[in-house]
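Here are a few short exercises to work through with the model open beside you. Try each task before you read its solution.

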Amino acid sequence: MYSRRPDRAEREERGERVVAVADGTDLAAGKLARVLTNDPGTGVARHADAGYQRAREVAAELSVRLPIPS
């Protein structure tokens, strides 16, 4: 039986996020670097937005650009 692939919103609703394959190619290395930089950076930005001073300090240390005033 055919099962359609869930769209992005459905995957996110179920808690599915980013999948990266580290297969040794240059393409995979670039993608993996972006995932391991952007995903944690987003978490830091969210915590900074929530008012956590330590998150603001980490953002400054790691040069995470915050769209909100520090």
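## Exercises on helix H2 and its surroundings

**Exercise 1. Find the handedness of the crossing between H2 and H3, and classify their relative direction.**

Start with the handedness: in this predicted model, H2 passes H3 in a left-handed crossing. Next, take the geometry. The axes of H2 and helix H3 (residues 53-62) come within 7 Å, and they cross at roughly 140 degrees. An angle over 145 degrees would count as roughly antiparallel, and 65 to 115 as roughly perpendicular. The crossing angle therefore makes H2 oblique to H3.

**Exercise 2. List the residues through which H2 and H3 meet, and sort them by class.**

On the H2 side, pick out Val44, His47 and Ala48. On the H3 side, the partners are Ala55, Arg56, Val58 and Ala59. Sorted by class, the contact of H2 with H3 has five nonpolar residues, one polar and one charged.

**Exercise 3. Which residues of H2 are buried, and what does their cover include?**

Begin with the list: Ala28, Gly41, Val44, Ala45 and Ala48 are the buried residues of H2. Then look outward from them: their cover includes H3. Val44 and Ala48 also appear among the H2 residues that meet H3. A general rule helps in reading such a list: an α-helix has 3.6 residues a turn, so residues three or four places apart point the same way. For the wider setting, buried residues make up 11% of the 70 residues in the chain.

**Exercise 4. Decide whether Leu36 and Thr42 are buried, partly exposed or exposed.**

Both are found in H2: Leu36 and Thr42. Leu36 has a relative accessible area of 58%; exposed means over 50%, so Leu36 is exposed. Thr42 comes to 36%, which lies between the 20% and 50% limits, so Thr42 is partly exposed.

Now add the distances. Leu36 is 16 residues from Ala20 in sequence, and their C-alpha atoms are 9.4 Å apart. For Thr42 and Arg65, the separation is 23 residues in sequence and 9.8 Å in space, again C-alpha to C-alpha.

**Exercise 5. Check the span of H2 against its expected value, then place the helix in the chain.**

H2 covers residues 26-49, which is 24 residues. From first C-alpha to last, H2 reaches 34 Å, close to the 34 Å expected at 1.5 Å a residue. Following H2 comes Gly51, with a positive phi near 100 degrees. To finish, step back to the whole chain: there are three helices and zero strands, in the pattern α-α-α along the sequence.

Key
Residues are numbered from 1 along each chain as its sequence is written. This is a predicted model: local features need pLDDT of at least 70, side-chain atom pairs count only at pLDDT 80 or more; totals for chains, interfaces and linings use all residues. Side-chain values use heavy atoms; hydrogens and water are left out. Helices (H or I, at least four residues) and strands (E, at least two) are DSSP runs, numbered from the N terminus. Buried means under 20% relative accessible area, exposed over 50%, partly exposed in between (1.4 Å probe, protein chains only). Axes are lines fitted to C-alpha atoms, for helices over the stretch in contact, and angles run from 0 to 180 degrees between N-to-C directions. Angles under 35 degrees count as roughly parallel, over 145 as roughly antiparallel, 65 to 115 as roughly perpendicular and the rest as oblique. A crossing is left-handed if the near helix is turned anticlockwise from the far one by less than a right angle, and right-handed if clockwise. Contact means heavy atoms within 4.5 Å. Ala, Val, Leu, Ile, Met, Phe, Trp, Tyr, Cys and Pro count as nonpolar, Asp, Glu, Lys and Arg as charged, and the others, Gly among them, as polar. The expected span of a helix is 1.5 Å times one less than its number of residues.
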